[in-house]
Amino acid sequence: MGEATVALGERLRDPSVPHNVPEIEKVMRGFSLTVEGMSAGVGGVTEWLRAAGHVGPLSGHASVMAERLSHIGKELTRLAEAIEQAQKRAS
């Protein structure tokens, strides 16, 4: 998944590759789902670390990262919604 995301990022960065607004909206929604999944996964790792006795800075850092990823996922969803609304106004 990481390699596919890097490849997609490179494609999006390439000015010679044509894009359209619906495609960009779809990409943002995909990024949002990916980040939300990462948040859930890091949350699970946090719980595992705590259960394994790694309470303290390590599990605390993992918990903070899970929260940040969740926030980023929500912001990506908002961006996708804004793109969708812009497309509707333009049509």
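Ser59 is in contact (heavy atoms within 4.5 Å) with Thr46, Leu49, Arg50 and His54, when residues up to four places away in sequence are not counted. The model is a predicted one, in which local features need pLDDT of at least 70 and side-chain atom pairs count only at pLDDT 80 or more, while totals for chains, interfaces and linings use all residues. Residues are numbered from 1 along each chain as its sequence is written, and side-chain values use heavy atoms, with hydrogens and water left out.

Ser59 lies in helix H3, which spans residues 57–90; helices here are DSSP runs of H or I with at least four residues, numbered from the N terminus. With a relative accessible area of 2%, Ser59 is buried, a label for values under 20%, whereas exposed means over 50% and partly exposed lies in between (1.4 Å probe, protein chains only). Pro57 also belongs to H3, yet Pro57 is exposed because its relative accessibility is 75%. From Pro57 to Glu23 the C-alpha to C-alpha distance is 41 Å, with their positions 34 residues apart in sequence.

Turning to the nonpolar core, this term covers buried Ala, Val, Leu, Ile, Met, Phe, Trp, Tyr and Cys residues joined through side-chain atoms within 4.5 Å. The largest such core comprises seven residues, namely Val27, Met28, Val35, Leu69, Leu76, Ala80 and Ile83. Helices H2 (21–51) and H3 each contribute at least two residues to this core, and the largest share, four residues, is from H3. One core member, Ala80, touches Glu25, Met28 and Arg29, again leaving out residues up to four places away in sequence.
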